[in-house]
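Work through the exercises below with the sequence and the structure open. Try each task before reading its solution.

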Amino acid sequence: MKTIKVAAAIITHNDQIFATQRGYGEFKDGWEFPGGKVEAGETPQEALIREIREELDTEIEVGELFDTVEYDYPAFHLSMDCFLCTVKSGGLVLKEHEAAKWLTRESLDSVAWLPADLGLIEKLKQSNLEILTRVMEGTRCFVEDAVSYRQLGERELDLELFANFVRHQKVDMCRRKIDGEWKTVADPFTDDWTQEEYQMLVGCLKNTVLTGGFVCGAFYRGALKGFVSVEAALFGGEHRYMDLSSIHVSEDMRGKGIGRMLFEKASAFAEQKGACKLYISAHSAVETQAFYQSMGCVEAQWYHREHVEREPYDCQLEYRLKVE
């Protein structure tokens with residue numbers, strides 16, 4: 001029987017263990033410890049660091065080996081090295097998993113673990129998690145639940161979806177193009193949405209989905225805390241733009257990498273659909289412009305007239321996709 005060698009991370013914090021639910025493959029919906037296959041030339045520790053970076057956008061410190069699980073599935077033998085780990089940086093973003101939870105020793109049985117993990121669970125239940133947990137100085141991940149991302153359908157787009165979303169943004173300085181040069185000027189105002197504007201947003205996002213576009217939401221503890229939309233139509237001639245029509249993160253969740261992840265998902269959709277660039281009619285606040293600059297956006301080579309007329313103070317930007 002073929003043997004598959006994998007490494008798994010028992011990520012601990014404050015007497016709790018991080019568990020993930022598989023979002024794909026033969027064992028979809030089963031719960032497990034994050035990790036993956038050990039490639040040729042890798043140590044299990046190296047594989048684990050790589051897998052957690054790829055799957056959860058997080059850097060971990062790998063500690064001692066807690067257990068090695070040997071388990072026979074019908075088609076293969078699994079050899080799984082399980083290491084105690086702590087978060088060095090990152091927010092445990094769910095890029096591949098369906099869901100995640102922080103579990104106490106008492107609640108380890110509350111999810112449906114994959115068969116290979118059951119023996120490990122029993123050993124963990126007999127361990128002292130307070131001793132096992134070694135939180136490093138500078139750790140930034142203190143959330144009780146991870147942020148998950150998924151594409152949204154037309155039927156789930158309604159006002160209730162935005163019940164816990166806070167648009168509020170206090171602006172002091174903005175970017176303006178004056179006499180052909182970009183300058184930072186004082187223009188204090190507060191940006192927020194009324195109930196009518198939320199209703200208009202819902203209608204626009206529904207239209208995006210119904211016309212073949214892309215809407216993706218970021219969820220924290222089951223509540224929508226960020227979203228992005230891309231329109232399906234190509235425009236701008238040889239530039240082959242797709243319009244990134246919206247990207248917003250709730251005020252209470254800004255600065256946690258959610259906007260970056262949403263932007264990457266929007267870019268992946270546009271590239272898959274044959275676009276060469278994303279077009280962004282972007283809010284002029286210096287904080288917003290700093291975000292787009294960090295993503296690699298620059299001034300658009302071609303201005304979309306309707307966007308300029310609708311929002312004359314917006315900055316017209318573009319982002320070149322990695323199209324071969």
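**Exercise 1. A salt bridge and its surroundings**

Is R150 buried or exposed, or does R150 fall in between?

Solution. The structure is a predicted model, and every value here is computed from it.
Step 1. The relative accessible area of R150 is 38%.
Step 2. Buried means under 20% and exposed means over 50%, with partly exposed in between.
Step 3. R150 is therefore partly exposed, at 38%.
Step 4. The partner of R150 in a salt bridge is E156, and their closest N and O atoms are 2.7 Å apart.
Step 5. E156 has a relative accessibility of 28%, so E156 also counts as partly exposed.

**Exercise 2. Salt bridges between distant parts of the chain**

Find the partners of R167 and D252 in salt bridges, and state where each residue lies.

Solution. Side chains of opposite charge can pair when their charged atoms come close.
Step 1. R167 forms a salt bridge with D191, with 3.0 Å between the closest N and O atoms.
Step 2. This pair links distant parts of the chain: R167 is in the loop between β8 (147-151) and β9 (169-178), D191 is in strand β10 (residues 181-191), and the two are 24 residues apart.
Step 3. R167 and D191 are both buried.
Step 4. D252 forms a salt bridge with K225, and here the closest N and O atoms are 2.9 Å apart.
Step 5. This pair too links distant parts of the chain, 27 residues apart: D252 sits in the loop between β13 and α5, and K225 sits in strand β12 (residues 223-235).
Step 6. D252 has a relative accessibility of 41%, so D252 counts as partly exposed.
Step 7. K225 has a relative accessible area of 9%, so K225 is buried.

How many salt bridges does a search of the whole structure find? The search finds 20 salt bridges. Some residues are joined in a network of salt bridges, namely E42, R50, E51 and E54.

**Exercise 3. A negative patch and the helix after its loop**

Which residues form a negative surface patch? Then describe α5.

Solution.
Step 1. The negative surface patch is made up of D192, E196, E197 and E251.
Step 2. E251 is in the loop between β13 (241-249) and α5 (258-272).
Step 3. E251 has a relative accessible area of 37%, so E251 is partly exposed.
Step 4. Helix α5 has 15 residues and spans 21 Å from its first C-alpha to its last, close to the 21 Å expected at 1.5 Å a residue.
Step 5. The buried residues in α5 include I258, M261, L262, F263 and F269.
Step 6. For F269 the relative accessibility is 9%, and F269 therefore counts as buried.
Step 7. The C-alpha atoms of F269 and S281 are separated by 18 Å, and the two residues are 12 residues apart along the chain.
Step 8. After α5 comes G274, with a positive phi near 95 degrees.

**Exercise 4. Positive phi outside glycine**

Where do D57 and L92 lie, and is each of them buried or partly exposed?

Solution.
Step 1. D57 is not a glycine, yet its phi is positive, at about 55 degrees.
Step 2. D57 lies in the loop between α1 (44-56) and β5 (58-72).
Step 3. The relative accessible area of D57 is 39%, so D57 is partly exposed.
Step 4. L92, also a residue other than glycine, has a positive phi near 50 degrees.
Step 5. L92 is in the loop between β6 (77-90) and β7 (99-103).
Step 6. L92 has 0% relative accessibility, and therefore counts as buried.

**Exercise 5. Sequence distance, spatial distance and the whole protein**

How far apart are V209 and A232 in sequence and in space?

Solution.
Step 1. V209 belongs to helix α4 (residues 195-210).
Step 2. V209 and A232 are 23 residues apart in sequence, and their C-alpha atoms are 8.8 Å apart in space.
Step 3. V209 has 22% relative accessibility, so V209 counts as partly exposed.

Now describe the protein as a whole.

Solution.
Step 1. The protein has 7 helices and 16 strands.
Step 2. Its C-alpha atoms fill a box of roughly 70 × 40 × 40 Å along the principal axes.
Step 3. The protein has 324 residues, and 48% of them count as buried.

Key: Residues are numbered from 1 along each chain as its sequence is written. This is a predicted model: local features need pLDDT of at least 70, side-chain atom pairs count only at pLDDT 80 or more; totals for chains, interfaces and linings use all residues. Side-chain values use heavy atoms; hydrogens and water are left out. Patches are made of residues with over 30% relative accessible area and no salt bridge: like charges are joined within 9 Å, nonpolar side chains (Val, Leu, Ile, Met, Phe, Trp, Tyr) within 5 Å. Accessible areas come from the Shrake-Rupley method with a 1.4 Å probe; for residues, only the protein chains shown count as cover. A salt bridge is a side-chain nitrogen of Lys or Arg within 4 Å of a carboxyl oxygen of Asp or Glu. Lys and Arg count as positive and Asp and Glu as negative; His and the chain ends are not counted. The place of a charge is taken as NZ of Lys, CZ of Arg, CG of Asp or CD of Glu. Helices (H or I, at least four residues) and strands (E, at least two) are DSSP runs, numbered from the N terminus. Buried means under 20% relative accessible area, exposed over 50%, partly exposed in between (1.4 Å probe, protein chains only). The expected span of a helix is 1.5 Å times one less than its number of residues.
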